[in-house]
Every structure is written in structure tokens, then in C-alpha cells.
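Colleague: Could you take me through one part of this model in detail, please? I would like a close look at the largest pocket and at whatever surrounds it.

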Amino acid sequence: MFKIDSFVLYVEDIEISNKFYTETFECEGLVLSPTFVSFPLGTGVTIELKQLAQVSPSANTTGGGTELSLMVEGSKTLRNLYEQWEKKGVKFLQIPTELVFGLTFVAIDPDGHRIRVFTQNK
């Protein structure tokens, strides 16, 4: 069997994306090369940014086709995080909204990658 190690997001500008994730997630990325930055999430999975022009084999896929899903505990935590990100200038596709699975919002990074934050109804 296998273990999921990371999710790699192809980005147009590694410096802009590194700054976005550093500020939004409030953690420093590990610069593994001038075109590759890794953000360990403390859960055994990392989010990694790769400069699109340096992907081998080449790719033309950009953001928006997938979602990073981040679960938080409770609606108060979710609303606080939404407000913090809003103050940082993060753009949103969906404001906090109650859906069948729980409260959620969707942010986007500079390349259009979706970041869904949600709670689970219990």
C-alpha cells in the first residue's frame, strides 16, 4: 500500500505564491529549490508549490480544477479564520455558508487554486 505524502500545486510565480501561503497559513515554507517550496501541515501531508515553467514533463494545468480541503473544529474557529484571511486580502469564491456537511467557505490563491475550509456536522 502507499501513503499520501504531498499535494503539488503548479504556480505561475513561485515568489508570489510562496508569500501568499506564508501569510495565509502563517508558516514559513521550506525553499527546496528556486522553483519549489514545501509547506508541511503537521499532519504528515505537505502542500508544495512548483513553478509551472519548470515542471517536467511539462504541463499546462493551472488552478481551479481541484480543491484543498481543510477541516477546522467548530463554526467559531471557521468564522475567525475567515475574518483573519479577509483582513489579509485573501479573495473568496464563497463566504461562510451552511451546506449539508457543515459550515464552509472557499478561498482562492493567486493561481486560482481553491482552498475550502469546513466544519463537519456531527
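Modeller: Happy to! Two helices each give at least two residues to the lining of the largest pocket: helix 1, residues 14-25, and helix 2, residues 75-87. Helix 2 makes the largest contribution, with three residues. Please keep in mind that this is a predicted model. The volume of this pocket comes to about 210 Å³. Its lining is made up of T24, F25, E26, L41, L70, V72, L81, Q84, W85, K88 and V117. Sorted by class, that lining holds seven nonpolar residues, alongside two polar and two charged ones.

Let me start with helix 1. This helix is 12 residues long and spans 16 Å between its first and last C-alpha, close to the 16 Å expected at 1.5 Å a residue. Its buried residues are I14, S17, N18, F20, Y21, T22, T24 and F25. Two of these, T24 and F25, are also among the residues that line the largest pocket. At the start of the helix, D13 places a side-chain oxygen within 3.0 Å of the backbone nitrogen of E15.

Helix 1 also carries a salt bridge of its own, in which the side chains of K19 and E23 meet at 3.8 Å, N to O. The spacing helps to explain this pair: K19 and E23 are four residues apart in helix 1, which means that about one helical turn separates them. In general, an α-helix has 3.6 residues a turn, so residues three or four places apart point the same way. As for accessibility, K19 counts as exposed because its relative accessibility is 52%. E23, at 41%, counts as partly exposed.

Now to the residue I would look at most carefully, E26. This residue follows just after helix 1 and takes a positive phi of about 55°, although E26 is not a glycine. E26 sits in the loop between helix 1 and strand 2. With a relative accessible area of 57%, E26 is exposed. E26 also belongs to the lining of the largest pocket.

What does the side chain of E26 meet? The answer is K88, in a salt bridge with an N to O distance of 2.7 Å. K88 lies in the loop between helix 2 and strand 6 (91-99), while E26 is in the loop between helix 1 and strand 2 (30-33), so this pair ties together parts that are 62 residues apart in sequence. K88 counts as partly exposed, because its relative accessibility is 34%. Like E26, K88 is listed in the lining of the largest pocket, so both partners of this salt bridge are found there.

For context, the structure holds three salt bridges. Two have come up already, K19 with E23 and E26 with K88. The other joins E67 to R116, with the closest N and O atoms 2.9 Å apart. E67 lies in strand 5 and R116 in strand 8 (residues 114-118), so this pair ties together parts that are 49 residues apart in sequence. R116 counts as buried, at 15% relative accessibility, whereas E67, at 31%, counts as partly exposed.

It may also help to set the second largest pocket beside this one. Its volume is about 180 Å³. The lining of the second largest pocket has 13 residues, and those nearest its centre are V8, L9, T62, T66 and H113. The elements giving two or more residues to that lining are strand 1 (6-11) and strand 5 (67-71). Strand 1 has the largest share, with four residues. By class, the second lining counts five nonpolar, seven polar and one charged residues, while the lining of the largest pocket counts seven nonpolar, two polar and two charged residues.

One last backbone detail, away from the helices: S56 and P57 are joined by a cis peptide bond, with omega at about 0°. P57 is in the loop between strand 4 (46-51) and strand 5.

To return to your request, the largest pocket draws on helix 1 and helix 2 for at least two lining residues each, and its lining includes E26 and K88, whose side chains meet in a salt bridge.

Key. Residues are numbered from 1 along each chain as its sequence is written. This is a predicted model: local features need pLDDT of at least 70, side-chain atom pairs count only at pLDDT 80 or more; totals for chains, interfaces and linings use all residues. Side-chain values use heavy atoms; hydrogens and water are left out. On a 1 Å grid over the protein atoms alone, a cavity is a set of points where a 1.4 Å probe fits but cannot get out, and a pocket is an open set with protein on both sides within 12 Å along at least five of seven lines; lining residues have an atom within 4 Å of a point. Grid points are joined across faces, edges and corners, and a volume is the space filled by probe spheres set on the points. Ala, Val, Leu, Ile, Met, Phe, Trp, Tyr, Cys and Pro count as nonpolar, Asp, Glu, Lys and Arg as charged, and the others, Gly among them, as polar. The expected span of a helix is 1.5 Å times one less than its number of residues. Buried means under 20% relative accessible area, exposed over 50%, partly exposed in between (1.4 Å probe, protein chains only). A polar contact is a pair of N or O atoms within 3.5 Å; within protein, one must be able to donate a hydrogen and the other to accept it, and residues adjacent in sequence count only if both atoms are side-chain atoms. A salt bridge is a side-chain nitrogen of Lys or Arg within 4 Å of a carboxyl oxygen of Asp or Glu.
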